[in-house]
Amino acid sequence: MPSGTGKTVSLLSLIVAYMIANPLSVTKLIYCSRTVPEIEKVLEELKKLMTYYEKERGQAPKMVGLVLSSRKNMCIHPQVSKERDGKIVDGRCHSLTASYVRERHNYDDSIPICSFYEGFDIEGREVQLEPGVYSLDDLKEYGQERNWCPYFLARYTILHANIVVYSYHYLLDPKIADVVSKELSRSSVVVFDEAHNIDNVCIDSMSVKINRRIIDRSTANIQLLEQTVNEMKEDDAKKLKEEYQRLVEGLRDASVARETDVVLSNPVLPDEVLKEAVPGSIRTAEHFVGFLKRFVEYLKTRLRVQHVVLESPASFLKDVYQKVCIERKPLRFCHERLASLLRTLEIADLTDFSPLILITHLATLVSTYTKGFTIIVEPFDDKTPTVSNPILHFSCLDSSIAIKPVFDRFQTVVITSGTLSPLDMYPKILDFHPVIMSSFTMTLARPCLLPMIVSKGNDQVAISSRFETREDVAVVRNYGQLLVEIATIVPDGVVCFFTSYLYLESVVASWYDQGVVDSLQRNKLLFIETQDAAETSLALLNYIRACESGRGAVLLSVARGKVSEGVDFDHHLGRAVLMFGIPYVYTQSRILRARLEYLRDQFQIRENDFLTFDAMRHAAQCVGRAIRGKTDYGIMIFADKRFSRADKRNKLPKWIQEHLKDSLCNLSTEEAVQISKRWLRQMAQPFSREDQLGVSLLTLEQLHSEEMQRKQQNTADQKL
Amino acid sequence: MAEEEEGKEYRWETGYEKTWEAIQEDDEGLLEGSVAEIIQRAKRKRQAERHGNTRLGMMRHLFLVIDNSDCMSNQDLKPTRQLCTIKLLEGFIDEFFDQNPISQMGIIITKSKRAEKISELAGNPRKHIKAVQQLTQVACSGEPSLQNALELALRSLRMLPSHASREILILMGSLTTCDPGDISVTVQNLKAQGVRCSVIALAAEVHICHKLCRETGGLFGVILDDCHFRDQLFQHIDPPPAATFLDSSLIKMGFPHHLMQEGKEASLTMCMCHVDSTDGEGGRLNSGGYFCPQCCSKYCELPVECKACGLTLVSAPHLARSYHHLFPVDNFKELEFRDMQDKIELCFACQKRFGEHDKHVYECGTCSRIFCLECDMFIHDLLHTCPGCATNHSTSQSMSNDSVPPR
């Protein structure tokens, strides 16, 4: 189902009702979504639900629902909140709230601290939040009123709140999860909404990429560290000694430090590692700095390659041992040790140290996992083979590693999305056994989506973004022709997706020569998504303006880009979506190849199956942008010959497949235009609530009627 | 026109269709069927909404905005959108003044990003029809500008007295509008002035048009084909319910008699309507005419606004015709044809035999005669009297008694 059809509210009402009925077996609902606007939407639905409860039962259930987001979105400090970059906000917040900063403030008033944090620290912990639903703005307002920091309030409150809504990075990314979500109870229900890309999130959160710049900056970091250590040795040797003692006693105690200090994070370490003491070789500060220096030097030599190197973590560890005599065990503690050292040295601004932290992260991961990861060193980018730009990828191949703790820890996990298809792929790649797995279609009172596969131009030349034909003039011209014709007959907004930025640029360049751009601009304004985020959001803004004012606009964007993932084109903003070509991922990438190989060996997934699956879910994601609710309508054009093949068609979500009749596959441009014209006129006929009643909208009596219940049973396609 | 009314076109003129696929549409999907049903229901609903005793804006001041841009030369209406529109408009203008004799109309065209008034606000259908007919000579070009057209219309409508209902009807073929400024300001202006804007789009639903209609309380429609276009257009013939803030006021009207000076040699005079026309066609001298009871200017046709003293001149039948909008025929009851199958075979009005595709039949509440959908429409839209009641002596008596005292 595309969004706007009530997925979120169905899930929420079901789980909340269950929580009210069985308060002991389900104590907490953790609702994870992807972006901030989507999270906000969940809270809106939740508020509606609570209002409904209040109306029906006279009082709202005693539940606390709240949102947690990054400091950037929650900060109310007058200066810090002005910052745009999330990392800088984090850094500045830390420099105002770290325990030693506050301690120093006690005897030196000139050192600034955050009054909101102080306010929260003094009173906030004793007071429980009133039952209710708190969105980002509510929390900020609440914080302003009481002079409490909303971020820390939220972080503190999620431990006893009944409903928590946040981004799924807080649960999946081990670096953050350990800080935020560690103490959530087992009897929680976890929902991953918009989870069609969940495997990529898992993988990204466990992968590390290191280039020359990071190495250089971390070398500088080490120098600074060394200098600070030396200074401290002269001034305050006692502190270092204390730390040494602590480390002897084991990391457990070290991690008892106050919550604000835990900015540095801990990748998924097995518990026993935490209980062990830090190995002797890196216990003293100087030794550890030296150790880091050696490791960074080693990485530097590894980057000095002329050809691509691919190796396993095991052989990497062996090589490290041989070259610079670093053993596996101290590497494992590297990350935690650095965190402890930075704490001891009272380094306030942690943003500067992010390269070094990244390196220790790599060290810990590489020594913890031997399976499911690979190391690839590429001396140059594939697109620019002459420019030397070595990169070391430490890449996670197995998306189940990051999500495994979630499956292990919580009693119920729900994964859902509008474009989760084909369903059976997800249990395979995430390595779990689904209890219930079902896919639902949409009941619509009128055919409000029109998917079409356009496979040839008016001149009968097959159109396809296949590598061999994509530069062909006839194909590019036919794509242009299709867009121009669609732009003349479709009102307001039209969105086009290309397979890559590179392809977008080359196609637009040749359209310019062929005069396609001119004839396009006669009907609509043209906007193009670029890799630059600011430029894109400006283009998007003007695109919306053009649609609002009736001028009409065409937006050219890229599948897997910012637009395809986060932006909705409801109603007039997206009357038609065109998908030019199948958005295959760049198949020559070595990381992808390694992952495909791993998937084949470990999970018996054929390479082609996975590639098609990945391409089709992105295609579905792109075209799904157009339909946002049952009163909306939109055309979806898949412009590639290959879409009509059964293996591609069957991988589309069910709600699209249902409307993609045989007569709509394999069309030429002209046929598609004729069909759309007629369809647009039909869709523009007045459509009221009464027309939906009994078909896609049921009254309470209709819902209870036996016939309807039987129908429901049939449509819910149950697979176990 | 006759051709279009029959809803028949030549095979080669029809749209691109795959007839072999049309066959299965009824089994599943019901694509055409379901949409056709929605339209039919909409028609009935429109009728049902109309009932007596609502205050109607009878003195209408309507501006027709005709899109004359590039896309009006599109051939999806035959022969072209422009020609088809002009044909329908001729009928519309005639009908409009027939049903709303005391109203006025003006015509604006928009093309090449400009708007141009081709006919001033006036009550003479012939002048408008002529202006519209002349459009066939004008080539379609450029993009239309909705804002310019609206502003131009608003400039004339702003001057009108407060009891007049102000309307703009836009026939929009284009899917884009090229405006000099922010159109939403114009929309707000129109709303503030109480101008009711309606749009008939010839291609698809454009957001700004829809918004314009929603904001100003007008109707928005998208045509399916030329027959539906006609329906959409002609629904604007019925006067809309008066906006609540319209003042009610008494209007002075003149009822001139047609005078023929008999007996002696009639003195030949020019009528005021043609006195300044140069084409000589109507400018002949004649003896008879309507004379304004106030200033004795002569007119050859009614209704008209006196050029000399500004009095509205109408004849009694004109007012009577406007009158029936206030007392429409009561709605017929909708009955399932299946239940009635054995009792009734023919439509009382057109004598059509009911068949398989008549899902519903309609019964007059007074005379209990049964009618088919088409006749039901016809009776309510045009005839304004039920043939069953009219032929039956007792009901026709009671009906006429019924409607004489104002309800």
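This section describes chain B of a predicted model, together with the confidence assigned to chain A.

Chain B comprises 407 residues, of which 45% count as buried. Its secondary structure consists of 14 helices and 15 strands. When contacts in chain B are restricted to residues at least 6 apart in sequence, 67% of them join residues at least 24 apart. The accessible surface of chain B amounts to about 20,700 Å², with carbon and sulfur atoms contributing 52% of that area.

Two annotated regions of chain B were examined. According to UniProt, in an unreviewed entry, residues 61-212 of chain B carry the annotation "domain: VWFA". Within residues 61-212 of chain B, helix accounts for 38% and strand for 26%, and a separation of 18 Å is found between the end C-alpha atoms. The UniProt record, again an unreviewed entry, also assigns "zinc finger region: C4-type" to residues 292-309 of chain B. Residues 292-309 of chain B are 0% helix and 22% strand, and the C-alpha atoms at the ends of this span are 9 Å apart.

At the level of individual residues, E143(B) occupies the loop that links α5 (125-134) to α6 (146-157) of chain B. E143(B) is classified as buried because its relative accessible area, 13%, falls under the 20% cut-off. Beyond its neighbours within four places in sequence, E143(B) contacts residues of chain B, namely S69(B), K111(B), S112(B), K113(B) and C178(B). Contacts of E143(B) also extend to chain A, where R522(A) and R551(A) take part.

A contrasting environment is provided by L383(B), which is situated in helix α12 (residues 373-383) of chain B. With a relative accessible area of 38%, L383(B) is partly exposed. This value lies over the 30% required of patch members, so L383(B) meets the accessibility condition for inclusion in a surface patch. Together with F378(B) and L382(B), L383(B) forms a nonpolar patch on the surface. The accessible area of F378(B), L382(B) and L383(B) together is about 270 Å².

Confidence was also assessed for chain A. The mean pLDDT of chain A is 84, and 93% of the residues of chain A reach 70 or more. Over residues 253-268 of chain A, however, pLDDT stays under 50. The model nevertheless contains 44 contacts beyond four places in sequence for residues 253-268 of chain A. Predicted coordinates should not be read in detail where pLDDT is low.

Terms used:
Residues are numbered from 1 along each chain as its sequence is written. Chains are lettered from A and ligands numbered from 1 in the order in which they are written. This is a predicted model: local features need pLDDT of at least 70, side-chain atom pairs count only at pLDDT 80 or more; totals for chains, interfaces and linings use all residues. Side-chain values use heavy atoms; hydrogens and water are left out. UniProt positions are given in the numbering used here, feature names are shortened, and annotations may be inferred rather than shown by experiment. Helices (H or I, at least four residues) and strands (E, at least two) are DSSP runs, numbered from the N terminus. Patches are made of residues with over 30% relative accessible area and no salt bridge: like charges are joined within 9 Å, nonpolar side chains (Val, Leu, Ile, Met, Phe, Trp, Tyr) within 5 Å. Accessible areas come from the Shrake-Rupley method with a 1.4 Å probe; for residues, only the protein chains shown count as cover. A salt bridge is a side-chain nitrogen of Lys or Arg within 4 Å of a carboxyl oxygen of Asp or Glu. Buried means under 20% relative accessible area, exposed over 50%, partly exposed in between (1.4 Å probe, protein chains only). Contact means heavy atoms within 4.5 Å. pLDDT is the predictor's confidence in each residue, from 0 to 100.
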